Amino acid sequence: MNILSLFVIIPALMLLCLWLAKNLNQVRGVMVVGASCLLALSIWLTIYFIQQRSAGNTDVMLLAASTPWFKPLNIAYSVGVDGISVVMLLLSSIIVFTGTFASWQLKPMTKEYFLWFTLLSTGVYGFFICTDMFTMFMFYEVALIPMYLLIGVWGSGNKEYAAMKLTLMLMGGSALLILGILGIYYYSGATTMNVNEIAAMHNIPVEIQKVFFPFIFIGFGVLGALFPFHTWSPDGHASAPTAVSMLHAGVLMKLGGYGCFRVAMYLLPDAANELAWIFLILTTISVVYGAFSACVQTDLKYINAYSSVSHCGLVLFALLMMTKTSCTGAILQMLSHGLMTALFFALIGMIYGRTHTRDIRYLDGLMKIMPFLAVGYVVAGLANLGLPGFSGFIAEMTIFVGSFENPDQFHRVATIIACTSIVVTAVYILRVVGKILYGEVKNKHYLELTDATWDERVAVICLIACVAGLGLFPLWASNVISDAVGPILANII
């Protein structure tokens, strides 16, 4: 058995154990043990990958294996990891682990909630380890379907509308994806659906590539909050329960950027070069529009949701710039934003659980009442606006420096426009921090509120440590990602 399959087997065993669990303590025990095993496995995989690269192993994919699954269509269960997959698996494990503690007090139907949460994480892990297009698509769908119930049942606000809107828009993207995948398979003349083998053939006619590239890029781009297909994101995030918002914004949206790079651009390189300018305009709009939209929101979750539209737009923006530095920055941004936004949503959920409001007009003086959560929110805000020493600074600087490497005026003007989002981000972050954390406590009922519990502190401290750790020691991640970006980019340009 290939060790990468453990990323699917462990969640499957967790589902079985959760189904058999008789009480809340057993449910919590299954989640903690399973999430800890997945985190330990991802840390081991990261260390193993770094050691292999240091030893001179230059294989495109490590731990690659393939087992035929449905021979008439040449579908196989093919797995393998490069640097991009490794950091995405590490990110996913961190979010699942911290999300478990963030959901520690969730009621009612805790068992059913964690069943769907684990199924969602199973789809995410499977997507990142697979190299067969059809199997990737299957796990992609497994990751999307649980969102409807997780939001519709355990969400808040206008949750039924948000769940339906999210599901319909993402299913629309999936319809485009399956058409694009079948088009690539048919016109490549391949006898396999393995991404790396199809890319090596490089024999799809340019005109055909130009037909199917928008299908794949938009299909994945819907999940990556590509303008104007982003409208599901703010409503979905605002209505989702805390850990689901963490996993959705922190990991699930990264499937969009990963798929755009690994499938659309890698397999249809000629079309990517010819059509990139169109999507570059759309992603530039995403970056700026998301930042300005966050400025006018009063709901904490909507502020962070529109911020995610901006930051995820920056991922697609950097990928379309097609320089090694910008693409490395894009993957760093996926990792950084996943940690930052998970921290934000965790803290927002904890504040909402105590105050029963997310409206910044009715929140004030929280630093005096719940100092631990307030300090955590300040750290998350500083990381989000790109303060040096945190992960956001490293990722955004790499993106903008790499994007400006393009010598032509169009790309440089787009980079300058995207850079304005940095200033706008600082405006809405500092506005919110000043409004809800400082000043006098006007609502006297808030004086009776308590600070973070032990389980909440575990989640917050872990995420802060990761955000600061990546910001202070970014070189390991940058090198791992850069080694993986090189071969993919060589096939594109």
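1. In this predicted model, Thr135 touches Trp69, Ile75, Ala76, Tyr77 and Cys130, leaving aside residues up to four places away in sequence. Thr135 belongs to helix H5, which covers residues 133-154, and its side chain reaches the backbone oxygen of Ala76 at 2.8 Å. Because its relative accessibility is 1%, Thr135 counts as buried.

2. The packing of helix H3 (residues 83-102) against helix H14 (residues 324-355) deserves a separate comment, since the axes of these two helices come within 10 Å and cross at roughly 0°. Angles under 35 degrees count as roughly parallel, and H3 and H14 are therefore roughly parallel to each other. On the H3 side the contact is made by Ile84, Val87, Met88, Leu91, Ile94 and Ile95, and on the H14 side by Ile331, Met334, Leu335, Gly338, Leu339 and Ala342. By residue class, the contact of H3 with H14 divides into 11 nonpolar residues, 1 polar residue and no charged ones.

3. The largest nonpolar core holds 185 residues, and those with the most contacts inside it are Met133, Phe213, Phe217, Met265 and Tyr377. Helix H14 gives the most to this core, with 17 residues. For Phe213, the contacts that remain when residues up to four places away in sequence are not counted are with Ala264, Met265, Leu268, Ala271, Ala272, Leu275 and Phe279.

4. The loop between helix H8 (206-223) and helix H9 (232-239), in which Pro228 lies, should be inspected for its backbone geometry. A cis peptide bond, with omega about 0°, joins Phe227 and Pro228. Ala225 is found in the loop between H8 and H9 as well, and it has a positive phi of about 65° although it is not a glycine. For context, most residues other than glycine have a negative phi, and most peptide bonds are trans. With a relative accessibility of 0%, Ala225 counts as buried, because the cut-off for that class is under 20%.

5. A positive phi is also present at His356, a residue other than glycine, where the value is near 60°. His356 is found in the loop between H14 and helix H15 (366-369). Is this residue, His356, buried or exposed? Its relative accessible area is 60%, and His356 is therefore exposed, the cut-off being over 50%. Taken side by side, the positive phi of Ala225 belongs to a residue that counts as buried, whereas that of His356 belongs to one that is exposed.

Technical notes
Residues are numbered from 1 along each chain as its sequence is written. This is a predicted model: local features need pLDDT of at least 70, side-chain atom pairs count only at pLDDT 80 or more; totals for chains, interfaces and linings use all residues. Side-chain values use heavy atoms; hydrogens and water are left out. Helices (H or I, at least four residues) and strands (E, at least two) are DSSP runs, numbered from the N terminus. Buried means under 20% relative accessible area, exposed over 50%, partly exposed in between (1.4 Å probe, protein chains only). A polar contact is a pair of N or O atoms within 3.5 Å; within protein, one must be able to donate a hydrogen and the other to accept it, and residues adjacent in sequence count only if both atoms are side-chain atoms. Contact means heavy atoms within 4.5 Å. Axes are lines fitted to C-alpha atoms, for helices over the stretch in contact, and angles run from 0 to 180 degrees between N-to-C directions. Angles under 35 degrees count as roughly parallel, over 145 as roughly antiparallel, 65 to 115 as roughly perpendicular and the rest as oblique. Ala, Val, Leu, Ile, Met, Phe, Trp, Tyr, Cys and Pro count as nonpolar, Asp, Glu, Lys and Arg as charged, and the others, Gly among them, as polar. A nonpolar core is a set of buried Ala, Val, Leu, Ile, Met, Phe, Trp, Tyr and Cys residues joined through side-chain atoms within 4.5 Å.
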